[in-house]
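Colleague: I am new to reading protein models, and I would like to go through one slowly with you. Could you take my questions in turn and show how each answer is reached?

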Amino acid sequence: MSKSRKTHYHSTVSRRDFMKILGMGAFATAGGTLMNGPFKDLDEMMASPVADRKMPFWVKEVDEPTVKIDWDTMEVFPHLGNSLFNPNAWGGEAGVKEWMDIQQGNIDAVTESVRNNVPGQSLKDHALADAQCWGWGPTAVAPSWTGPDTEPNPMWEHPTMLWGPEHFGVPKYEGTPDENSRMVRVAGRILGAADMGFVKLDERTKKLLYGNIVFEDVEKGYDDPERHVSVLPNNKDLWVICAVIPQSLNEYGYRRSWANSNTAAYSRAAIYSNRIKTFLSGLGYQHYGGGTGSVGRAVGFGVMAGLAEYGRPGIMVSPQYGTNFRTVMLTVTDLPLAVTKPIDAGISNFCRTCQKCAEMCPSGAISTNKETQWADWADGEQPWQAKGLKGWYIDAKKCYGYMLGNEPDCNMCQTVCPFSKFDSAVMHDLVKMSISSTPVLNNTIRKLDDTFGYGKERGTDMWDVDPMDIPLWGLDTSRS
Amino acid sequence: MRYISWVWFWYVLLGFLLGGGAVYLWVTLREKAVNLVWYEWTLIVLGALIYILMGQTFIASFGEGQSQAAWMSLIFMGIPIILIVVGSLRLIKSRLAKQS
């Protein structure tokens, strides 16, 4: 195997450390003490600023997202069966054959890479990605719609484990929506959510749920496999907890290891989902949702919750993570929560000028139109996309065919985005402030992003790095 | 996480250079009995801020595995620093020449 250049994992010195070292950071030191200080209990942690959602000052909360949505004509996306992962969604016999060809192309290309020991796509790289699949792929641990279906066991070492208010004989937890939001945010951080937002289900946002989710006049929702529907109670106010599931930017920058980073994030999403739902059960509240594709459109809810703006590649662009996070995990609950509003950090506007993802996309799937546009295809022509959004629609078949076809593995749109950066260099924040406040410089910023060499492939073999440079679990915690 | 990270060394060096420069400036001004006016102080502070930003970007970019960004930051911020230093010296000299 050829030896790749020496590669580096992310520095462990944060900006806070930098401020301390220069002796300039009285505030930083105080902040660091607060961040690291011990909390006696969850109440104390909730009362601290740690539990607040900290958005940089240049990110504004707005009433409507920065992408135009026509809620009157917004189509409900039926279910994940309509996505391109299902050959029947490709359209007729020819479509199924096209899908089968891509699958075969993937098998051929991956097999050839493994047999030729291609750096980044060798047997060990493949094995690592497969190992990270545990919890998400064929061994999915995602909870059922109303699960996880766990029961306390009096023979356990901790016999009250999984007890809820009904077991203890106490009323369910009560707090104001603000208190509940802070509590869930604290729990979410501990359980694996990098950031959280909350959307109330109303006549508009219900359209972001998948079409196989129906409302009925029942006290408690349920799953009905025979009717292929999941049921939510109609007589309750419901909120959607939207949790950012981060992924490793470092590992995502290497070739085959993007799959390792990607699958690891999905596995963590399944674990997070089990845990946050168990937390809600423990408080005495209902919760619905299982795997990443069980509730609704992640991008739609993520944008409405203010976790990100809608971006050119048709996915979310976050002020903190750029396009480099795996998903927004959705959990429906009747725990009253304080909704978070959409945000405007100038990101969608920057996407108009930047187009770096579109230029770097090897399949040419990302739109190069400067302006967003309403979906203009005939009804039923593209069942894998829903209308109602004025956006940049990608050519999903091109993307799918490339990503899963003859050129296995692609991560360009998530690694080249100028917002997908580590957080060590203060310069990144200054650039983001400029994008938010001075859009006239956007074109210059895009050019400088190229000049400074951002978005280049990081190498082909991550196995050369010092293992102690790899963050635990492979996740770059400095960004989360 | 590494058992020992040496990145701190570069930040300390950055701080020593900044502190050394400040001490040198203070001693020189006292020795030569020069009083700077507000716009000269402004230029010096501006130069120091750009120096800090350049140093931090240089060190952090290597930490991020972005060596090209590190070297480019030296060019894009180093040149303004040189211009500010040269400009400040010329301003001070011309002002002192007019006074004397």
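**Sheets, rings and a helical chain**

Modeller: Let us begin in chain A, where strand β7 (residues 239-246) and β11(A) run antiparallel and are joined by eight bridges. Please keep in mind throughout that this is a predicted model.

Colleague: Which residue in β11(A) stands opposite A:I241?

Modeller: The strand to search is β11 of chain A, which covers residues 325-333, and β7 of chain A is joined to this strand by eight bridges. Within β11(A), the residue that stands opposite A:I241 is A:T331.

Colleague: Which strands are the edge strands of the open sheet that has the order β3-β7-β11-β8 in chain A?

Modeller: This open sheet has four strands, and its pairing is antiparallel. An edge strand pairs on one side only, and in chain A that description fits β3 (196-200) and β8.

Colleague: About what angle does the direction of helix α7 of chain A make with that of β3(A)?

Modeller: Helix α7 of chain A, which spans residues 177-191, packs on this sheet and touches both β3 and β7 of chain A. Taking the direction of the helix against that of β3(A), the angle is about 135 degrees.

Colleague: Is A:T327 buried or exposed?

Modeller: A:T327 lies in strand β11 of chain A, and, leaving aside residues up to four places away in sequence, this threonine touches A:A243, A:V244, A:I245, A:T292 and A:A298. Its relative accessible area is 10%, and because the cut-off for a buried residue is under 20%, A:T327 counts as buried.

Colleague: Which residue in β6(A) is the bridge partner of A:E216?

Modeller: Here we turn to an open sheet of three strands in chain A, with the order β4-β6-β5 and mixed pairing. Its edge strands are β4 (213-216) and β5 (222-224) of chain A, and the twist averages 30 degrees from one strand to the next. Four bridges join β4(A) to β6 (residues 229-233) of chain A, and these two strands run parallel. The bridge partner of A:E216 in β6(A) is A:P233.

Colleague: Is the aromatic pair of A:W145 and A:Y288 stacked, edge-to-face or tilted?

Modeller: The structure holds 17 aromatic pairs over all chains, and in the one formed by A:W145 and A:Y288 the rings are 5.8 Å apart centre to centre, with 35 degrees between the planes. Planes under 30 degrees apart would count as stacked and planes over 60 as edge-to-face, with the rest counted as tilted, so the pair of A:W145 and A:Y288 is tilted.

Colleague: How many residues apart are A:W145 and A:Y288?

Modeller: A:W145 sits in the loop between α5 (123-133) and α6 (165-168) of chain A, whereas A:Y288 belongs to strand β8 (residues 287-288) of chain A. Both residues are buried, A:W145 with a relative accessible area of 5% and A:Y288 at 0%. The pair links distant parts of the chain, and the separation is 143 residues.

Colleague: Which residue lies over the face of A:F215?

Modeller: To answer this we look for a residue placed over the ring, and one is found at 4.3 Å from the ring centre of A:F215. The residue is A:K206.

Colleague: What share of the residues in chain B is buried?

Modeller: Chain B has three helices and zero strands, and its elements run α-α-α from the N terminus on. Its accessible surface comes to about 6,700 Å², of which 75% belongs to carbon and sulfur atoms. Of the 100 residues in chain B, the buried share is 30%.

Methods: Residues numbered from 1 in each chain as written. Chains lettered and ligands numbered in written order. Predicted model: local features only at pLDDT ≥ 70, side-chain atom pairs only at ≥ 80, totals over all residues. Heavy atoms only, no water. Buried < 20%, exposed > 50% of the residue type's maximum accessible area, 1.4 Å probe, protein only. Contact = heavy atoms within 4.5 Å. Areas by Shrake-Rupley, 256 points an atom, 1.4 Å probe, with all protein chains shown as cover. Pairing = 2+ DSSP bridges. Axes fitted to C-alpha atoms, helices over the stretch in contact; angles between N-to-C directions. Phe/Tyr/Trp six-rings, centres within 6.5 Å; stacked < 30°, edge-to-face > 60°. Lys NZ or Arg CZ within 6 Å of the ring centre and 35° of its normal.
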